[in-house]
Amino acid sequence: MLYDYLLTHYNPNEPIFIEDITLSNTRTDLLQKLKALCDTGKIKIFSNGVYYIPKESMLKNGRALSPTTVITHKYIKRSGKIIGYYASHTLANQIGITTQVPYVTEIVTNNTATECRKETLCGQEFIIRKARCPITNNNYYILQLLDLLNDLDKYTDKPHNEVYGVIRKYLKAYHITKEEITQYIGTYPSKAAEILLNCLSNQQKVTKGKCTSFDSSMDPFYSEENMSHLKKLVADVKSGKEKLTEHELIEY
């Protein structure tokens, strides 16, 4: 019965976390049955509480489960729901604003009660950080951008005008609206709002190279009304009229 359940709910080489198994068995009973399946070779154990159905391979011992796959399923996408995202140099590298390959992968997730900690799997280190607000399928792309903007200079080795262009493309690709930005930006330091405003300005002064222009006339996101809204938001934060405090968010 357990093996049939696993075959129905999991693909080969997909991590199986014992706490996600919804059968009525006690944990002790589950552990005994999982051990029995391991003894027959039907499943394999990756680490304490983590198992997987081995994928067929020409290799004698099959294709091993990678630490990155386990971490992704544990902290980023769990049971089909997005609960985290890659951050810092990892995200910067993914979207193309740095050529640096991160030595340690950093992840922001709902699935931790600790502000920041290290986790090591098979000799590979990961930094796991607690999310500022609940991460969902509908907001992860906004939160990971704001997280990046908060310390942008630390994560890029490219000229500002080039970086700003990448960020504008990111905003358009995910159809991020001013309402979405307003909803979440209050949980981040004002620096994120300032950089975002610079990215969206028609002309930016950069440390290297000439000023660049950006034709925003065809996109309502870059309208005068939207830009005025963002400028007012930054001004209110600087003047103390608006305070950046964490708040409960309405989940979708």
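**Exercise 1. Find which residues of helix α5 are buried, and decide what that says about the helix.**

*Solution.* Start with the list: Tyr140, Tyr141, Ile142, Leu143, Gln144, Leu145, Leu146, Asp147, Leu148, Leu149 and Asn150 are the buried residues of α5. Buried here means under 20% relative accessible area, exposed means over 50%, and partly exposed lies in between (1.4 Å probe, protein chains only). Helices (H or I, at least four residues) and strands (E, at least two) are DSSP runs, numbered from the N terminus. Now draw the conclusion: eleven of the eleven residues of α5 (residues 140-150) are buried, so the rest of the structure largely encloses this helix.

A word on the model before you go on: it is predicted, so local features need pLDDT of at least 70 and side-chain atom pairs count only at pLDDT 80 or more, while totals for chains, interfaces and linings use all residues. Residues are numbered from 1 along each chain as its sequence is written, and side-chain values use heavy atoms, with hydrogens and water left out.

**Exercise 2. Work out on how many sides of helix α8 its buried residues lie.**

*Solution.* First, pick out the buried residues of α8 (residues 178-185): Lys178, Glu180, Ile181, Tyr184 and Ile185. Next, look at their arc, taken from the directions from the helix axis to the C-beta atoms. These residues cover an arc of only 160° around the axis, which puts them on the same side of α8.

**Exercise 3. Describe the surroundings of strand β7.**

*Solution.* Begin with burial: five of the five residues of β7 (residues 105-109) are buried, so the strand is largely enclosed by the rest of the structure. Then take each face in turn: Thr105, Ile107 and Thr109 are buried on one side, and Glu106 and Val108 on the other.

Now look for partners, remembering that two strands pair if DSSP finds at least two bridges between them. Strand β6 (residues 84-86) runs antiparallel to β7 and is joined to it by three bridges; glycine 84 stands opposite threonine 109. Strand β9 (residues 124-130) pairs with β7 in the parallel sense over five bridges, and there isoleucine 128 is the bridge partner of isoleucine 107.

**Exercise 4. Place threonine 90 in the structure.**

*Solution.* Threonine 90 belongs to helix α4 (residues 88-95). Its relative accessible area is 9%, so threonine 90 is buried. Finally, list its contacts (heavy atoms within 4.5 Å): leaving aside neighbours within four places in sequence, threonine 90 touches Pro102, Val104, Thr105 and Glu106.
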